[in-house]
Amino acid sequence: MSSKDQLQRFIFDQADVRGVLVGLEQSYLDALERHDYPAPIQSLVGQMLAAVSLLSSTLKFDGRLSLQARGDGAVSMLMAECTRQNHLRGIARYEDELLLDNSTLPQLLGQGQLVITIEPDQGQRYQGIVPLDKETLAGCLEQYFAQSEQLATRIMLCSGKSQAAGMLLQALPSNDADQQVQDYSENWNRISHLGSTLSEQELLELDNETLLFRLFHEEQVRLYDANDLVFQCDCSKERCLGALRTLSDLELQQMLDEQGVIEMDCQFCKSRYLIDQVEVEQLRMGVSDSSGSQSVH
């Protein structure tokens with residue numbers, strides 16, 4: 001796969017269908033580097049990162065899109081985020097027990113929900129929820145688009161030891177009302193069928209132009225410029241202080257009395273922030289000054 005750590009959109013000029021391809025390598029490895037995940041968890045994190053990258057391709061404002069899967073199984077939580085700037089991060093929580101490599105999504109997560117959240121920097125937060133009742137993460141996301149967005153969608157996700165990748169195909173409403181029903185059905189059925197022939201090996205190994213030509217060489221496909229994807233965590237001392245503002249003075253003082261300083265760890269990148277008595281006093285007085293902040297990686 002030559003299109004590493006990139007997201008690239010494409011469109012079928014005569015079919016009212018759009019598509020997105022994403023390939024992750026260094027960004028995927030960077031997300032895994034800070035966590036000692038078993039192989040099945042690594043695979044799920046890779047798929048979550050690929051999925052959130054695909055979905056974030058629709059963002060037209062500053063903000064972030066996140067996916068969160070919660071269940072009552074051995075894996076209690078999966079989460080991945082992507083910002084408008086194509087900054088990725090992801091995390092998993094699981095029980096310390098043996099996980100089989102061939103376990104399916106329901107076997108690992110059990111009963112639960114998949115939550116899609118869109119958070120603009122300015123504006124209203126949007127959230128969609130679907131049950132985790134499909135065999136794959138891709139299947140759950142396809143169900144979300146069918147039910148919540150009423151858009152025919154096909155998604156493929158895969159991940160290996162050092163790479164993750166994904167492809168999204170989605171039917172768009174036709175501008176021609178008279179031919180919308182017939183063309184929509186015929187075009188979508190043809191293109192989604194061709195897309196379903198893509199193998200995981202091809203998705204992981206082929207560059208985007210070769211992949212699209214192999215699948216859709218009889219279609220008119222327009223490929224847009226690629227956008228780079230990177231792992232980047234936006235944790236900071238300021239965000240930690242913001243979280244502490246929700247606590248009472250008594251709770252803050254108790255934490256200081258017990259530990260000397262308040263330690264706050266970022267679950268995504270493992271950075272540790274140390275907040276001392278002076279900073280807590282500034283927080284109480286409404287003074288924001290993190291110039292002397294400490295973080296430990």
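This is a guided tour of a predicted model, stop by stop, with a selection to make at each one.

**First stop: the open sheet**

Begin by selecting the strands of the open sheet, which has 6 strands in the order 7-6-3-4-5-12 and mixed pairing. At its edges stand strand 7 (126-131) and strand 12 (230-231), and since each has a single partner strand, one side of each is left without a neighbour in the sheet. Now add helix 2 (residues 39-56), which packs on the sheet and touches strand 3 (63-71), strand 4, strand 5 and strand 6 (112-120). If you look along the helix, its direction makes about 35° with that of strand 4.

Keep strand 4 (residues 75-83) and strand 5 (residues 87-94) on screen, where the two pair in the antiparallel sense over 7 bridges. To follow the register across this pair, pick methionine 79, and opposite it in strand 5 you will find isoleucine 91.

**Second stop: the loop between strand 4 and strand 5**

Which residue should be selected in the loop between strand 4 and strand 5? Choose asparagine 86, which is found in that loop. Asparagine 86 counts as buried, because its relative accessible area is 12%, and the cut-off for that label is under 20%. With its neighbours within four places in sequence left aside, asparagine 86 is in contact with Asn227, Asp228, Leu229 and Val230, so display these four residues together with it.

**Third stop: strand 9 and its two partners**

Move next to strand 9 (residues 164-171), a mostly covered strand in which 8 of its 8 residues are buried. Show the side chains and separate the two faces: Ala164, Gly166, Leu168 and Gln170 point one way, Ala165, Met167, Leu169 and Ala171 point the other way, and all are buried.

Strand 2 comes next in the selection, as strand 2 and strand 9 pair in the antiparallel sense over 8 bridges. Within this pairing, leucine 24 has alanine 164 of strand 9 as its bridge partner. Strand 8 (residues 153-159) also pairs with strand 9 in the antiparallel sense, over 7 bridges, and these two strands form a hairpin with 4 residues between them. Select serine 159 here and you will see that alanine 164 in strand 9 stands opposite it.

**Fourth stop: the largest pocket**

Stay with serine 159 for a moment, for Ser159 is also among the residues nearest the centre of the largest pocket, together with Ser43, Leu44, Gln47 and Ser103. This pocket is lined by 23 residues and has a volume of about 520 Å³. Which elements each supply at least two residues of the lining of the largest pocket? Colour helix 2, helix 3 (105-109), helix 4 (137-149) and strand 8 to see them. The largest share of the lining, 6 residues, comes from helix 2.

**Fifth stop: salt bridges**

The last selections are charged side chains, among which the model has 8 salt bridges. Start with glutamate 25 and lysine 4, whose side chains meet in a salt bridge at 3.7 Å, N to O. This pair links distant parts of the chain, 21 residues apart, with glutamate 25 in the loop between strand 2 (17-24) and helix 1 (26-33) and lysine 4 in the segment before strand 1 (6-12). Glutamate 25 counts as partly exposed at 21% relative accessibility, and lysine 4 counts as partly exposed at 37%.

Next select arginine 34 and glutamate 33, whose side chains meet in a salt bridge at 3.8 Å, N to O. Arginine 34 is partly exposed, with a relative accessible area of 32%, whereas glutamate 33 counts as exposed at 60% relative accessibility.

Go on to arginine 190 and glutamate 219, a salt bridge in which the closest N and O atoms are 2.7 Å apart. Here too distant parts of the chain are linked, 29 residues apart: arginine 190 belongs to helix 5 (residues 180-196), and glutamate 219 lies in the loop between helix 7 (208-216) and strand 10 (221-223). Is each partner buried or partly exposed? Arginine 190 counts as partly exposed at 34% relative accessibility, while glutamate 219 counts as buried at 18%.

To finish, select Arg64, Glu81 and Arg89, which are joined into one network by salt bridges that share partners.

Technical notes
Residues numbered from 1 in each chain as written. Predicted model: local features only at pLDDT ≥ 70, side-chain atom pairs only at ≥ 80, totals over all residues. Heavy atoms only, no water. Pairing = 2+ DSSP bridges. Contact = heavy atoms within 4.5 Å. Axes fitted to C-alpha atoms, helices over the stretch in contact; angles between N-to-C directions. Salt bridge = Lys/Arg side-chain N within 4 Å of Asp/Glu carboxyl O. Buried < 20%, exposed > 50% of the residue type's maximum accessible area, 1.4 Å probe, protein only. 1 Å grid on protein atoms, 1.4 Å probe; cavity = no way out; pocket = protein on both sides within 12 Å on 5 of 7 lines; lining within 4 Å. Points joined across faces, edges and corners; volume = space filled by probe spheres on them.
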